[in-house]
Amino acid sequence: MNIRGTGEAGDRSRDGVLQDRLMAAALVTTAAGVVVRELRGAGAPPAAPGRIARVGGRPLHLVDRPGRAPTVVLESGLGLPATVWSWVLEQLRDDTRAVAYDRPGIGWSAAGRTEPDGARYPEHLLEVLHRVGAQAPFVLVGHSVGGLLIRIFAARHPELTAGLVFVDSTHPDQYRRSPGQGAGLPLFRRSLDRMITRTASGLPVGDGVAEDLASLPAGVSGLTRQAVFRTSSLRAARGELDLSQGDWARRAASLTPVTPCPVAVVSAEATYEQDPAYPGLEQELGALSEVSRSEIVPGARHGSLLTDRSHARRVTGAIHWAVDNARVVTPPGETPSPPSPT
């Protein structure tokens, strides 16, 4: 989530930028004075722009596109639905199979019976992909805390993982090794708690302008903003925040160098410049593989990497690189084919 403060316009301190990073995605405050009943937890969400599948006995929302393997799997940041990947999905090559989905309780997906901890996550994701007929191997793309989740999957199922793309990704140790982010974490929790209280009462969540989400395609920007700020989505995001600090980070750290699949790292210039610890953490993500590339996107913020069309194009380029260099994965039970004669 990326909530902008209500201080003087254009005067964002380093602490303010670090708080943006702590929000872990592109969640921003709604336009001034807007009080929408859709934000109430008891209200119905707007019509789902994608399709609904039943996973674990509960409705789950996803957006996908046809194509061939490897399948690109898009894992969102904290509290964000699949529609934040709209520009990326639009810009992928025509033959690229891709799947983005809302985690339980987020967006248009129903909450699960239990918290989506790291132990269950890999099999949950496999069930999601099975429901839509997505074939292995998978190139996994994680934005923000989604970067922790794709590491968990790769550690559990290296045989199904053909590539990893980290988009301004959370590092397992970032809150311990970044003084600014560690100090801002309590403020982040309180801000999220206030938002939950206000939306549950039907009150506006802020007086800022939803810059990032408003930059999504016209057909999904408003729907995405409404879905993000529903009380149920915010509560799910609050639970994921706690998981990301403990269980997710610990399990993600089990993926240690060197994974045999290619790794791409895409960083926002704003985050890179404002957090002194961030460059080193991002370099460690690239070091997860001997086949890697890293890119800093000029002018990009944490959320705009997905919501700004031109910034999203750089993310799409990294995905294409990972697909083109994808590790050849042999399905379980099959024997690798001998190399073709040269």
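# Close-up views of a predicted model

**View 1. Strand 1 and strand 2 make an antiparallel pair joined by five bridges.** Everything shown in these views comes from a predicted model. To find your way along this pair, start at Arg 51, whose bridge partner in strand 2 is Leu 62. The two strands form a hairpin with two residues between them, and here Gly 56 takes a positive phi near 65°.

**View 2. Eight strands form an open sheet.** Reading across the sheet, the strand order is 1-2-4-3-5-6-7-8, and the pairing is mixed. Which strands lie at the edges? They are strand 1 (51-55) and strand 8 (292-297), each of which pairs on one side only. From one strand to the next, the twist averages 25°. As you trace a strand, a general rule may help: in a regular strand, side chains alternate between the two faces of the sheet.

**View 3. Strand 5 and strand 6 run parallel.** Strand 5 covers residues 138-143 and strand 6 covers residues 161-167, with six bridges joining them. One pair to look for is Gly 142 with its bridge partner in strand 6, Phe 166. Helix 12 (residues 278-286) packs on the sheet as well, where it touches strand 6, strand 7 (263-268) and strand 8. The direction of helix 12 makes about 160° with that of strand 7.

**View 4. Helix 3 lies across five strands and also meets helix 4.** The strands beneath this title are strand 1, strand 2 (58-65), strand 3 (68-75), strand 4 (96-101) and strand 5, and helix 3 runs at about 130° to strand 1. The axes of helix 3 (residues 121-131) and helix 4 (residues 146-156) come within 9 Å and cross at roughly 90°. The two helices are therefore roughly perpendicular to each other. Among the residues that meet are Tyr 121 and Leu 125 from helix 3, and Ile 152 and Phe 153 from helix 4. By class, the contact of helix 3 with helix 4 has eight nonpolar residues, two charged ones and no polar ones.

**View 5. Helix 6 and helix 9 cross at roughly 160°.** Helix 6 spans residues 179-200, helix 9 spans residues 231-245, and their axes come within 9 Å. Why is helix 6 called roughly antiparallel to helix 9? The crossing angle is roughly 160°, and angles over 145 degrees count as roughly antiparallel. The crossing is left-handed. Residues taking part include Phe 188, Leu 192 and Ile 196 in helix 6, which face partners in helix 9 including Leu 234, Ala 237 and Leu 241. This contact holds nine nonpolar, three polar and five charged residues.

**View 6. Some backbone angles here deserve a second look.** Most residues other than glycine have a negative phi, and most peptide bonds are trans. Ala 69 and Pro 70 are joined by a cis peptide bond, with omega about 5°, and Pro 70 lies in strand 3. Another cis bond runs from Ala 136 to Pro 137, its omega near 5°; Pro 137 lies in the loop between helix 3 and strand 5. Ser 144, in the loop between strand 5 and helix 4, has a positive phi near 55°. Is Ser 144 buried or exposed? Its relative accessibility is 1%, so Ser 144 counts as buried. Asp 168 has a positive phi of about 45° and sits in the loop between strand 6 and helix 5 (174-177). Asp 168 is buried too, with a relative accessible area of 0%.

Note on methods. Residues are numbered from 1 along each chain as its sequence is written. This is a predicted model: local features need pLDDT of at least 70, side-chain atom pairs count only at pLDDT 80 or more; totals for chains, interfaces and linings use all residues. Side-chain values use heavy atoms; hydrogens and water are left out. Axes are lines fitted to C-alpha atoms, for helices over the stretch in contact, and angles run from 0 to 180 degrees between N-to-C directions. Helices (H or I, at least four residues) and strands (E, at least two) are DSSP runs, numbered from the N terminus. Angles under 35 degrees count as roughly parallel, over 145 as roughly antiparallel, 65 to 115 as roughly perpendicular and the rest as oblique. Contact means heavy atoms within 4.5 Å. Ala, Val, Leu, Ile, Met, Phe, Trp, Tyr, Cys and Pro count as nonpolar, Asp, Glu, Lys and Arg as charged, and the others, Gly among them, as polar. A crossing is left-handed if the near helix is turned anticlockwise from the far one by less than a right angle, and right-handed if clockwise. Two strands pair if DSSP finds at least two bridges between them. Buried means under 20% relative accessible area, exposed over 50%, partly exposed in between (1.4 Å probe, protein chains only).
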